[in-house]
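User: I'd like a close look at one part of this protein and how it is held in place. Could you start from a single pair of residues and work outwards from there?

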Amino acid sequence: MIREPNDVPILVAQSGPMQGNLWRLEGEALLIGRGEDCDIIVPDRQISRYHARIRRTIEGVMLEDLGSKNGTHLNGVPVNAPSPLQDGDIIQVAFALELAYVGREATLPLSLEGRNPASRLRMDSLSHRVWVGDHELEPPLSPPQYRLLDLLYRNASRVVNRADIVQSVWPQEEGEGVSEQAVDALVRRLRDRLREVDAERDFVVTVRGHGFRLEN
C-alpha cells in the first residue's frame, strides 16, 4: 500500500541526548530497544534489547511493551496491553527516552521541523537537569519544583489539575493536607526560576478553574 508523505506518523525525541531526533513510521512497525537490529536504537542499560514496538493495525497505530524490564508508559500510564496512539501522546521508554507521537507528518509543528534542540525548554529525566534555550538552570530545581515541571512536561500542552499536582509532587500527603495556597506558591517559585533564564516567556500558564499547563 502506497502512503502519501503527509500520512506518515512521526516520533520526536523530547529529552536526553537523542532530543530532537525524528523517526517516521513509513513501514508497518518501529521496534525500539538496545539491540542493533532495532529501528530506534537506545544505547542505555535501562532499555531492554527489544523494549517496545509501535505498529500499524486495522484499529490504528498501537504501542506495545515487549515484556521489558523497566516498562513503557503512555502519558504517564504503564502500558500493559497494546494501546492506541493519538496525536500529541507522550511515550516514555523506561527512564531513558521520551517520545512525542505526531499522527501525521503534515501536522508536525514548525517548531519541531529541523529545529535546534536547544531552542526551547528541555529536561533530562536521567540527570534531572533542565535547560531553557541553551542555558542550563543553575542551581538545579528543588525536588518539588522538578516534580511539578516534570509532570507538566510529560503532559505536553494539556491542562494538569491541582489534584494531579498534589499526587505527583506530594505523594506521601493526603489530598486534604496540601492547600491550594501551597500549590500556587510552588507554581510561582517554578515560574520565577524559569524567568531567571528567560524573562520574556511564561512557560507555566494558569487555566482558571482547571489547573496549569506548560506552554513550550
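Analyst: Happy to! Let's start with Gln-92, whose bridge partner in strand E11 is Glu-98. Please keep in mind throughout that this is a predicted model.

The pair belongs to a longer run of pairing: strand E10 (residues 90-93) and strand E11 (residues 97-102) run antiparallel and are joined by four bridges. As general background, strands of a sheet pair through backbone hydrogen bonds, in either a parallel or an antiparallel sense. Stepping back, E10 and E11 are among the six strands of an open sheet, which has the order E2-E1-E11-E10-E7-E8 and antiparallel pairing. Strand E2 (22-24) and strand E8 (77-78) stand at its edges; each has a single partner strand, so one side of each is left without a neighbour in the sheet.

There is another sheet to look at. Five strands make up this open sheet, in the order E4-E3-E5-E6-E9, and here the pairing is mixed. Its edge strands are strand E4 (40-41) and strand E9 (83-84), each of which pairs on one side only. Within this sheet, strand E5 (residues 52-57) pairs with E6 over six bridges, in the antiparallel sense.

Strand E6 (residues 60-65) is where Glu-64 is found, and this residue deserves a pause. Which residue stands opposite Glu-64 in this pairing? That place belongs to Arg-53. The side chain of Glu-64, however, makes a polar contact with the side chain of Arg-55, at 2.6 Å. Setting aside neighbours within four places in sequence, the contacts of Glu-64 are Ala-52, Arg-53, Arg-55, Val-79 and Pro-82. Is Glu-64 buried or exposed? Its relative accessible area is 11%, which is under the 20% cut-off, so Glu-64 counts as buried.

Now for the helices. Helix H1 (residues 143-154) offers a simple check on its geometry: at 1.5 Å a residue, its twelve residues should span 16 Å, and its end C-alpha atoms are indeed 16 Å apart. H1 is mostly covered, with nine of its twelve residues buried. Charged and polar residues appear on that list, including Gln-145, Asp-150 and Arg-154, and Leu-148, Leu-149, Leu-151 and Leu-152 are buried as well.

Salt bridges are the next thing to follow, and the whole structure has eight of them. In general, side chains of opposite charge can pair when their charged atoms come close. One such pair is Asp-184 with Arg-162, whose closest N and O atoms are 2.9 Å apart. Since Asp-184 lies in helix H3 (residues 180-195) and Arg-162 in helix H2 (residues 162-169), the pair ties together parts that are 22 residues apart in sequence. Asp-184 is partly exposed at 30% relative accessibility, and Arg-162 is partly exposed too, at 26%.

Further along H3, Arg-191 forms a salt bridge with Asp-202, with 3.6 Å between the closest N and O atoms. This pair also links distant parts of the chain, eleven residues apart: Arg-191 is in helix H3, whereas Asp-202 is in the loop between H3 and strand E15 (204-207). The two partners differ in cover. Arg-191 has a relative accessible area of 16%, under the 20% cut-off, and so is buried, while Asp-202 is partly exposed at 36%.

A salt bridge within the helix follows: Asp-192 pairs with Arg-195, the closest N and O atoms being 4.0 Å apart. Both residues lie in H3, three residues apart, which is about one turn of the helix. That spacing has a general reason behind it: an α-helix has 3.6 residues a turn, so residues three or four places apart point the same way. Asp-192 is partly exposed at 40% relative accessible area, as is Arg-195 at 35%. These pairs come together, as Arg-191, Asp-192, Arg-195 and Asp-202 are linked in a network of salt bridges.

Finally, here is the wider setting. The protein chain has three helices and 16 strands, and 46% of its 216 residues count as buried. Of the contacts with a separation of 6 or more, 44% are between residues 24 or more positions apart. The accessible surface of the chain comes to about 11,600 Å², and carbon and sulfur atoms account for 48% of it.

Key:
Residues are numbered from 1 along each chain as its sequence is written. This is a predicted model: local features need pLDDT of at least 70, side-chain atom pairs count only at pLDDT 80 or more; totals for chains, interfaces and linings use all residues. Side-chain values use heavy atoms; hydrogens and water are left out. Helices (H or I, at least four residues) and strands (E, at least two) are DSSP runs, numbered from the N terminus. The expected span of a helix is 1.5 Å times one less than its number of residues. Buried means under 20% relative accessible area, exposed over 50%, partly exposed in between (1.4 Å probe, protein chains only). A salt bridge is a side-chain nitrogen of Lys or Arg within 4 Å of a carboxyl oxygen of Asp or Glu. A polar contact is a pair of N or O atoms within 3.5 Å; within protein, one must be able to donate a hydrogen and the other to accept it, and residues adjacent in sequence count only if both atoms are side-chain atoms. Contact means heavy atoms within 4.5 Å. Two strands pair if DSSP finds at least two bridges between them. Accessible areas come from the Shrake-Rupley method with a 1.4 Å probe; for residues, only the protein chains shown count as cover.
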